[in-house]
Amino acid sequence: MTQRKSHIDKNTFGRYLTNQMTPAERNVFEKELQKNPFEAEALEGFEMVSSSDLQNDLRRIKAQLIPSRRKKRTTYYAAAATILLLVTAGVIWIQLAQQNPIPQMSETKIKSEKIQQNPAVPTSPQPKAIKETPKAPFETQAEEHFLPAEKSVRLAPTEIKVATKTPALKAKRKETINNIDVRDVNNYETTKLANAKASFNEAEEISTQKVAAAKDRTAFGARLNTEKLASRSNTIRGKIISAEDKMPLPGVSVVVKGTSKGAVSAIDGTFELQLDNDSNSILVASFIGMESREFAPDTSSNNLIALEASRLALDEVVVVGYGTQQKVIGSVHQPHATPLNHDAKPNGGYTSFYAYLNENAVLTNSHPEKKVVVKLKLEIDATGKITAITNANKSDKTFFSTAKQLVVDGPAWLPKYVENRKVESMVKVRVVFRKKHKTSNPD
Amino acid sequence: MYLIPKSRNKKRLSDQELLSKYLKKQDFDVLGELYSRYMHLVYGISLKYFKNTEQAKDAVINIYEKIQSSIHNHEVKNFKSWLYVVSKNHCLMELRKKSVPRLRSSSEEELAGFVENTADVHPIDEEQNAEIEKALADCIKKLKTEQKRCIRMFYYDNKCYRTISQELKLEEKKVKSFIQNGKRNLKICLERKR
């Protein structure tokens, strides 16, 4: 206690200030304050404010300043709760996703389940051989489905047609498979695989077709077999090459004409397309810069398409230079060496203008005066347009207006040129009205 | 001593402990706890300088922010005294911003004088010590009357300012100032004696 300075809390201050302390207490308090300048000064401040306010103020400040622990705790709880909710939601979502798996998977699952129901049959050498050939995983799966079916078919008495021409064992085996009529299989299967029939057919078709493809590569004479297969399966395979250099073309688009079904050739130019059953479709192979080629697919795997370069290829671009062209500096081409400078004048010149005026400025013979002179001031703008005509000699209104009309109806005016520039100007025109029998002189 | 409050919280740590805990963990809760112990004092001196509650409240908050940043820059051994200095500085700076000349004089020397330090504690406020007692007693005799009486009553008779003021018919403020001046003179006297 002697080491630590005694801590005077606000309640003590409160009591001191509200005179709740005894004199002895006060003395002790005051002595403490002598030692503690911080408290001393604080007391001075407190003495300015009434005590009740003090307590409230302090409480308010504290609440404002220092968040209560509860608040922090609640935030932690809130955060924990949110995380829990998110995790739960995530788990539920995953569970839902698992219940709706990819259709293929489910169907094959169903198939395999149902197939397994079929009674086991001792394997014949032929199915074994099929198994031995290397195949893609899907094929093997399909085959597995197929094999039990085959086995099951064997239970039912069916005629196995042998239509092969080549005596090769491999071919034979394949034929037996091939010749197992889809229908037979179906008949058997409908009883067991009512729902999965269609998909099973497809799988079977694909598998048989793939088996065929595998065989074809090895045995050339199996062409006939594939043809038989083709009647049921419609995967078109081929290779696109360039006509010029016989190199394979990757990225060639092969589309069934009229549809959006298509494939793109691989890096080695080969492509593979699934066609609809028994439809006579035409395929179109197109590639940028090459002529598109339509072809009826040969269902053999050797659809070899050669694309020729497009005739509409862009011509070479040749750049021709014609030299530079001089810019003409200066505005008007002048016949004279001197710059253009003239006053505004009527088109055609003053001579003809006055001739025109005299022709038209006529007095009646009965008019008292010999002649009437109307002086006009014309204001001509930079385009040669007459902007104003004023009466310069206070001539008679009628004569003025007639004179004015004559000028307006007369030839167009060229504006004043100063150093080749058109400017506004003012022109004086004297219209003399005379009696007809005399010819007047221009001014 | 009843002035030391009984700890409500069993986990009541010392200032030093709280401070080091804060510096380690940067936990604002800890700093808040520490500040809240002296917040009333900060408020008090803010009131003294600003003379109005609104400004004083703002100051309390501003000072809190100030210590949040500067606590890392200084090596604080005694939180209370450091807080005292910071608060006082803040108040004076604020006042200086508003009206320039007024409080200049009181700032620096007072601060220097008031920074609490064991060395600065007046002998009369310290714990009793025989030698010092004797020297003190001698010096007190040499004091001026009023100062002598006040000191005697305050320290030896343990009377509060109010009582002293009533008895001596002086204002409390006067009593306080006599005690202050008396202490100063005693200090000088003791110094001379050593």
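**One disulfide and a two-chain interface**

Over all chains of this predicted model, the count of disulfides comes to one. The bond joins C139(B) to C189(B), whose sulfur atoms lie 1.9 Å apart. As a reminder for newcomers, a disulfide is a covalent bond between the sulfur atoms of two cysteines. Here the torsion about the S-S bond of C139(B) and C189(B) is about -80°, so the disulfide is left-handed. The two partners come from distant parts of the chain, 50 residues apart: C139(B) sits in helix α6 of chain B, which covers residues 130-141, and C189(B) sits in helix α9 of chain B. Are C139(B) and C189(B) buried or exposed? Both are buried.

Other cysteines of chain B can be described in similar terms. C150(B) has a relative accessible area of 0% and is therefore buried. C160(B), with a relative accessibility of 1%, also counts as buried, because the cut-off is under 20%.

It helps to step back to the chain that holds these residues. Chain B contains nine helices and zero strands, and its pattern along the sequence reads α-α-α-α-α-α-α-α-α. Of its 194 residues, 43% count as buried. When contacts in chain B between residues at least 6 apart in sequence are considered, 53% of them join residues at least 24 apart.

Chain B also meets chain A, and this interface can be followed from the whole to the single residue. The contact involves 55 residues from chain B and 48 residues from chain A. About 4700 Å² is buried between chain B and chain A, with carbon and sulfur atoms giving 61% of that area. How many residue pairs are in polar contact across the interface of chain B and chain A? There are 15 such pairs, both residues of each being at pLDDT 80 or more. On the side of chain B that touches chain A, the elements giving two or more residues are α2 (28-50), α3 (53-70), α4 (79-98), α7 (145-156), α8 (161-168) and α9 (172-193) of chain B. Of these, α2(B) gives the most, with 17 residues. Sorted by class, this side of chain B has 26 nonpolar, 11 polar and 18 charged residues.

Charged pairs appear here too, with four salt bridges found across the interface of chain B and chain A. One of them pairs E41(A) with K88(B), and their closest N and O atoms are 2.3 Å apart. E41(A) is also among the residues touched by K48(B), a residue of helix α2 of chain B. Leaving out residues up to four places away in sequence, K48(B) touches E41(A), E44(A), G45(A) and M48(A). The relative accessibility of K48(B) is 16%, so this lysine counts as buried.

A lysine of chain A offers another view of the same meeting of chains. K10(A) is found in helix α1 of chain A, which spans residues 10-17. With a relative accessible area of 28%, K10(A) is partly exposed, because this value falls between the 20% and 50% cut-offs. Which residues does K10(A) contact, leaving aside its neighbours within four places in sequence? The partners are Q55(A), L58(A) and H40(B), the last of these belonging to chain B. K10(A) and Q55(A) are 45 residues apart in sequence, while their C-alpha atoms are 7.9 Å apart in space.

Key. Residues are numbered from 1 along each chain as its sequence is written. Chains are lettered from A and ligands numbered from 1 in the order in which they are written. This is a predicted model: local features need pLDDT of at least 70, side-chain atom pairs count only at pLDDT 80 or more; totals for chains, interfaces and linings use all residues. Side-chain values use heavy atoms; hydrogens and water are left out. Contact means heavy atoms within 4.5 Å. Buried area is the accessible area (1.4 Å probe) that two parts lose on being put together, summed over both. A salt bridge is a side-chain nitrogen of Lys or Arg within 4 Å of a carboxyl oxygen of Asp or Glu. A polar contact is a pair of N or O atoms within 3.5 Å; within protein, one must be able to donate a hydrogen and the other to accept it, and residues adjacent in sequence count only if both atoms are side-chain atoms. Helices (H or I, at least four residues) and strands (E, at least two) are DSSP runs, numbered from the N terminus. Ala, Val, Leu, Ile, Met, Phe, Trp, Tyr, Cys and Pro count as nonpolar, Asp, Glu, Lys and Arg as charged, and the others, Gly among them, as polar. A disulfide is a pair of cysteine sulfur atoms within 2.5 Å. Buried means under 20% relative accessible area, exposed over 50%, partly exposed in between (1.4 Å probe, protein chains only).
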